[in-house]
Amino acid sequence: MRLLYNDFFEWAGLKLKYTGCDISPHFITLAKKTHWLKDFKVASITKLPYQDSSFDIVLASGVIHCELDYQQ
C-alpha cells in the first residue's frame, strides 16, 4: 500500500510529520506494514482522536461516503 500524499511530500522534499487516520482497521494495518515509522489511528471522521488545532494542514479524502452522520 502506498501513502500517496506522504510519498508526494517526500518526493517534493517537504519535511512534514505525517499522521494517517482511517475508519477501516484493515487499511490501517496495511499502512503500518509498509510505513511503520508513521503514526496511524483507526477513527471516524466525526470522532477523531486529536485535540483541536493539532495540525496545520488536514487533507480529508473519501470520507463523506463512509460516515452516515456526515453533516455533523
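What follows is a walk through the fold, helix α1, the charged pairs and the aromatic pairs of this predicted model.

Starting with the overall layout, the chain carries two helices and two strands, and reading from the N terminus these elements come in the order α-β-α-β. Of the 72 residues in the chain, 19% are buried. The accessible surface adds up to about 6200 Å², with carbon and sulfur atoms supplying 57% of it. As for how the chain meets itself, 39% of the contacts with a separation of 6 or more are between residues 24 or more positions apart.

Helix α1, which spans residues 4–11, is a handy place to zoom in. Its buried residues are Asn6, Asp7 and Phe9. These three sit on the same side of α1, because the arc they cover around the axis is only 160 degrees. Turn to the other side of the helix, and Leu4 and Trp11 are exposed there. Just past the end of α1, glycine 13 adopts a positive phi of about 80 degrees.

Asparagine 6 deserves a closer look. This residue belongs to helix α1 and has a relative accessibility of 3%, so it counts as buried. Leaving aside residues up to four places away in sequence, asparagine 6 touches Tyr18, His35 and Lys38.

Lys38 also turns up among the charged pairs. In general, side chains of opposite charge can pair when their charged atoms come close. The model has two salt bridges. In one of them, glutamate 10 pairs with lysine 38, and the closest N and O atoms are 3.7 Å apart. This salt bridge ties together distant parts of the chain: glutamate 10 lies in helix α1, while lysine 38 lies in the loop between α2 (25–34) and β2 (39–42), 28 residues apart. Lysine 38 is classed as partly exposed, since its relative accessibility is 24%. Helix α1 therefore reaches the residue 38 position twice over, through the contact of asparagine 6 with Lys38 and through the salt bridge of glutamate 10 with lysine 38.

The other salt bridge joins lysine 41 to aspartate 39, with 3.2 Å between the closest N and O atoms. Both partners are partly exposed: lysine 41 has a relative accessibility of 28%, and aspartate 39 has a relative accessible area of 29%.

That leaves the aromatic residues. A search of the whole structure turns up three aromatic pairs. For phenylalanine 8 and phenylalanine 9, the ring centres are 6.1 Å apart and the planes make an angle of 65 degrees, so this pair is edge-to-face. The partners fall into separate burial classes, as phenylalanine 8 is partly exposed at 45% relative accessibility, whereas phenylalanine 9, at 19%, counts as buried. Tyrosine 50 and phenylalanine 55 make another edge-to-face pair, with 5.0 Å from centre to centre and 80 degrees between the planes. Here tyrosine 50 is partly exposed at 22% relative accessibility, and phenylalanine 55 is partly exposed as well, with a relative accessible area of 35%.

Back at the N-terminal end, Phe8, Phe9 and Trp11 come together as one aromatic cluster. The cluster brings in residues from both sides of α1, given that Phe9 is among the buried residues of the helix and Trp11 is exposed on the other side.

Terms used:
Residues are numbered from 1 along each chain as its sequence is written. This is a predicted model: local features need pLDDT of at least 70, side-chain atom pairs count only at pLDDT 80 or more; totals for chains, interfaces and linings use all residues. Side-chain values use heavy atoms; hydrogens and water are left out. A salt bridge is a side-chain nitrogen of Lys or Arg within 4 Å of a carboxyl oxygen of Asp or Glu. Helices (H or I, at least four residues) and strands (E, at least two) are DSSP runs, numbered from the N terminus. Buried means under 20% relative accessible area, exposed over 50%, partly exposed in between (1.4 Å probe, protein chains only). Rings of Phe, Tyr and Trp (its six-membered ring) pair if their centres lie within 6.5 Å; planes under 30 degrees apart count as stacked, over 60 as edge-to-face and the rest as tilted. Contact means heavy atoms within 4.5 Å. Accessible areas come from the Shrake-Rupley method with a 1.4 Å probe; for residues, only the protein chains shown count as cover. The arc is that of the directions from the helix axis to the C-beta atoms.
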